[in-house]
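Q: Please take a close look at a single helix in this model and at the sheet on which it packs. A connected account of its geometry, its buried side and its surroundings would be welcome.

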Amino acid sequence: MPTNPLTIRPARHDDEEFLLRLLPRLADFPLPAWRTAAEIARGDRQILLDALHGKLEHSVILVAESSPDGGRAGYVFATTKHDYFTGAAHAHVEVIAVENGAERQGVARSLMDAVEHWAKLRGYAWVTLNVFDRNARAKSLYDRLGYLPETVHYRKDL
């Protein structure tokens, strides 16, 4: 559990610097040889900004703040996707990032609970996400929260 109580709130325009500053955390694990930390951060940057500035419908960015100081501890960004096989709408976690100093304090769990609540309010029956196979820290969180692998993405360099 967090040392200080958390407040989860929708992101505001003044959160932009904070959101972008945490993007490098998405590559804070042993990367595959063909990926760089810069390209991983760059990959999520534009869609995150589009959501923050209202250019992306059916999405949410939720920010965790620790009380009593209101310091930002992390965020989750989710969009609406449609299942390839059934066409059913569902929530998809695009980004979840937590400050180094806020790890292992329940921030990620609280953010995932909040995005699941958002999904339920929209009538969605499930939440999906992608995770790099080598990202043991993230996979451990998702396992604890009851997420199950569904497909495995393979790659072969030519």
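A: The account below begins with the helix and then turns to the sheet and the cores. The model is predicted: local features need pLDDT of at least 70 and side-chain atom pairs count only at pLDDT 80 or more, while totals for chains, interfaces and linings use all residues. Residues are numbered from 1 along each chain as its sequence is written, and side-chain values use heavy atoms, with hydrogens and water left out.

Helix α2 covers residues 37-52; helices (H or I, at least four residues) and strands (E, at least two) are DSSP runs, numbered from the N terminus. The expected span of a helix is 1.5 Å times one less than its number of residues. For the 16 residues of α2 this gives 22 Å, and the end C-alpha atoms are 22 Å apart, so the two values agree. α2 nevertheless bends by about 30° at Arg 45, the bend being the angle between axes fitted to the seven residues ending there and the seven starting there. After α2 comes Gly 54, with a positive phi near 75°.

The buried residues of α2 are Ile 40, Ala 41, Asp 44, Leu 48, Leu 49, Ala 51 and Leu 52; buried means under 20% relative accessible area (1.4 Å probe, protein chains only). An α-helix has 3.6 residues a turn, so residues three or four places apart point the same way. The cover over the buried residues of α2 includes α1 (16-21), β2, β3 and β4, where contact means heavy atoms within 4.5 Å.

The sheet is open, with 5 strands in the order β1-β2-β3-β4-β5 and mixed pairing; two strands pair if DSSP finds at least two bridges between them. β1 (6-10) and β5 stand at its edges with a single partner strand each, so one side of each lacks a neighbour in the sheet. Between β1 and β2 the pairing is antiparallel, over 5 bridges, and Ile 8 stands opposite Ala 64 in β2. α2 packs on this sheet, touching β2, β3 and β4, and its direction makes about 90° with that of β3. α3 also packs on the sheet, touching β1, β2, β3, β4 and β5, at about 160° to the direction of β4. These angles run from 0 to 180 degrees between N-to-C directions, with axes fitted to C-alpha atoms, for helices over the stretch in contact.

Methods: Buried < 20%, exposed > 50% of the residue type's maximum accessible area, 1.4 Å probe, protein only.
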